[in-house]
Amino acid sequence: MLHWLSSWLREIILVILLASFVDLILPSNKMQRYVKVVISLFILMTILSPVVSLLKVEWDFEQLNNEFQLEDINTNGYEPMSNIVEEGETLKGKNEQQTNQIVQTKIEEMVYTQLVEQMSLAVQSVNVDLSIEANNEPKVNEMTIILKSQTETNSTLDASEIQPIEEVQPVVIDIQLNDMGENDLNDVDEQSNKAGETTEEMKQLEIEVTSFLVSQWDISSDQINVIYESQHGL
Amino acid sequence: MEIIQIVGLGIIATILTLVIKEQKPLFAFLLTVFTGVIIFLFLIGKISSIIQLLEKLAEQSNIDMVFLKTILKIIGIAYIAEFGSQIVRDAGHESIASKIELAGKILILYMAIPIITVIIETIIKLLPT
């Protein structure tokens, strides 16, 4: 400000000095009046120059306002913009993680209820591995379903009286046929027979569960793992 | 001591002109013109140093060089018009001398046109519409 004022004053003083020099040099005749008028216009112009520059500039008020606000922020001891942006990024990352987790548990619950209600299965737990794609859409990477082993389901049947499991057994009728064949072939005793029965059942169930989940969740069968609790335990 | 040279030159030229004027007025006129030109040539070196000083001043103070150039042009126009009109007046042609002066005045005002427009525009903008 002071610098600008001093330069303006210096300009005025020098123009006036110049004008007086010219006045001295001038031929002392009729021309003098005209020359004096023009030189006085020059002096007037120099004095008015700040006004002219003010009128020439088209003020961008929004930008000026922004600059003032920025100045305010800087002088009031606020954090610099970069820090705020960084913090925002970390918060966003946390938020994404949380949503990811929530979606994961939701999907697990949904799969669990679907399996229990629609397929009448005794499901121990469902694990879903989620990943967020580039377009912010969650994608199921892997689905692990842990089923209660058949023997256990029978025991839990009495305990928690899950009626639908009764209906599973008629579905497995053909497997019993296979078992009969196995029975004939291997000629093993009851317990091992039962074990064989369960594995066949397991395979059948695995296929059923997998196809059900593939149709319901639009994922490929490689992504689905069906594990029996007993196997899992082993 | 250039002033003595110039004054001596002027006096001798005047005497010669007075002598010749009786016989050949045309040569007397030519002698006057030449004397004026020679005196001006004497001064050219000094004038250039003065102009250089002014330019230096203007550069140091960040004055618009347009200002200085216009002022110098105006001075030049004034001088040349003065010189021509006086010589013509001495030759006894008052009307031509006044025309030369008129041309000089108009050219000086023509030089001032840009400044006048800027000032008028500024004043009009300052006034509330």
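In this predicted model, a good place to start is the sheet of chain A, where M143(A) stands opposite I224(A) in β3(A). That pair belongs to the link between strand β2 (residues 138-147) and β3(A), which run parallel and are joined by five bridges. From there we can work out to the rest of the sheet, then to the two chains' helices, their shared nonpolar core and the contact between them.

**The sheet in chain A**

- The sheet is open and has three strands in the order β1-β2-β3, with mixed pairing.
- β1 (123-132) and β3 (224-228) sit at the edges with a single partner strand each, so one side of each has no neighbour in the sheet.
- From one strand to the next, the twist averages 15°.
- Helix α4 (residues 81-118) of chain A packs on this sheet and touches β1 and β2 of chain A. The direction of α4(A) makes about 145° with that of β1(A).
- On the parallel side, I145(A) has V226(A) in β3(A) as its bridge partner.
- On the other side of the pairing scheme, β1(A) and β2(A) run antiparallel, and nine bridges hold that pairing.
- Within the antiparallel pair, L130(A) stands opposite V140(A) in β2(A).
- As general background, strands of a sheet pair through backbone hydrogen bonds, in either a parallel or an antiparallel way.

**A closer look at D129(A)**

- D129(A) has its place in strand β1 of chain A.
- Is D129(A) buried or exposed? D129(A) is exposed, because 12 other C-beta atoms lie within 10 Å and a residue with 12 or fewer counts as exposed.
- Setting aside neighbours within four places in sequence, D129(A) is in contact with N141(A) and E142(A).
- D129(A) and K139(A) are ten residues apart along the chain, and 8.6 Å separates their C-alpha atoms.

**Nonpolar cores**

- The largest nonpolar core has 24 residues. Those with the most contacts inside this core include V35(A), V38(A) and F42(A) from chain A, along with I71(B), I74(B), A78(B) and I108(B) from chain B.
- Which elements give two or more residues to this core? They are α1 (2-25) and α2 (31-56) of chain A, together with α3 (65-90) and α4 (94-111) of chain B.
- α3(B) provides the largest share of this core, eight residues.
- F42(A) makes a handy landmark here: leaving aside neighbours within four places in sequence, F42(A) is in contact with V15(A) and A19(A) in chain A, and with F67(B), I71(B) and I115(B) in chain B.
- There is also a second, separate core of 16 residues, and L115(A), L121(A), A122(A) and L147(A) are among them.

**Where the chains meet**

- The contact takes 26 residues from chain A and 28 residues from chain B.
- On the side of chain A that touches chain B, α1 and α2 of chain A each supply at least two residues.
- α2(A) gives the most to that side, with 13 residues.
- By class, the side of chain A that touches chain B has 21 nonpolar, two polar and three charged residues.

**Transmembrane annotations**

- For chain A, an unreviewed UniProt entry places the feature "transmembrane region" at residues 12-28 and 34-55.
- In the model, residues 34-55 of chain A are 100% helix and 0% strand, with end C-alpha atoms 29 Å apart.
- For chain B, the UniProt annotation "transmembrane region", again from an unreviewed entry, covers residues 26-45, 66-87 and 107-127.
- Residues 66-87 of chain B are 100% helix and 0% strand, and their end C-alpha atoms are 32 Å apart.
- Residues 107-127 of chain B come out at 90% helix and 0% strand, with the end C-alpha atoms 31 Å apart.

**Chain A as a whole**

- Chain A has nine helices and three strands.
- Read from the N terminus on, the elements of chain A go α-α-α-α-β-β-α-α-α-α-β-α.
- Chain A has 234 residues, of which 15% count as buried.
- Among the contacts in chain A between residues at least 6 apart in sequence, 60% join residues at least 24 apart.

Key:
Residues are numbered from 1 along each chain as its sequence is written. Chains are lettered from A and ligands numbered from 1 in the order in which they are written. This is a predicted model: local features need pLDDT of at least 70, side-chain atom pairs count only at pLDDT 80 or more; totals for chains, interfaces and linings use all residues. A nonpolar core is a set of buried Ala, Val, Leu, Ile, Met, Phe, Trp, Tyr and Cys residues joined through C-beta atoms within 7 Å. A residue is buried if 20 or more other C-beta atoms lie within 10 Å of its own, exposed if 12 or fewer, and partly exposed in between; C-beta atoms are placed from the backbone. Helices (H or I, at least four residues) and strands (E, at least two) are DSSP runs, numbered from the N terminus. Two residues are in contact if their C-beta atoms, placed from the backbone, lie within 7 Å. UniProt positions are given in the numbering used here, feature names are shortened, and annotations may be inferred rather than shown by experiment. Ala, Val, Leu, Ile, Met, Phe, Trp, Tyr, Cys and Pro count as nonpolar, Asp, Glu, Lys and Arg as charged, and the others, Gly among them, as polar. Two strands pair if DSSP finds at least two bridges between them. Axes are lines fitted to C-alpha atoms, for helices over the stretch in contact, and angles run from 0 to 180 degrees between N-to-C directions.
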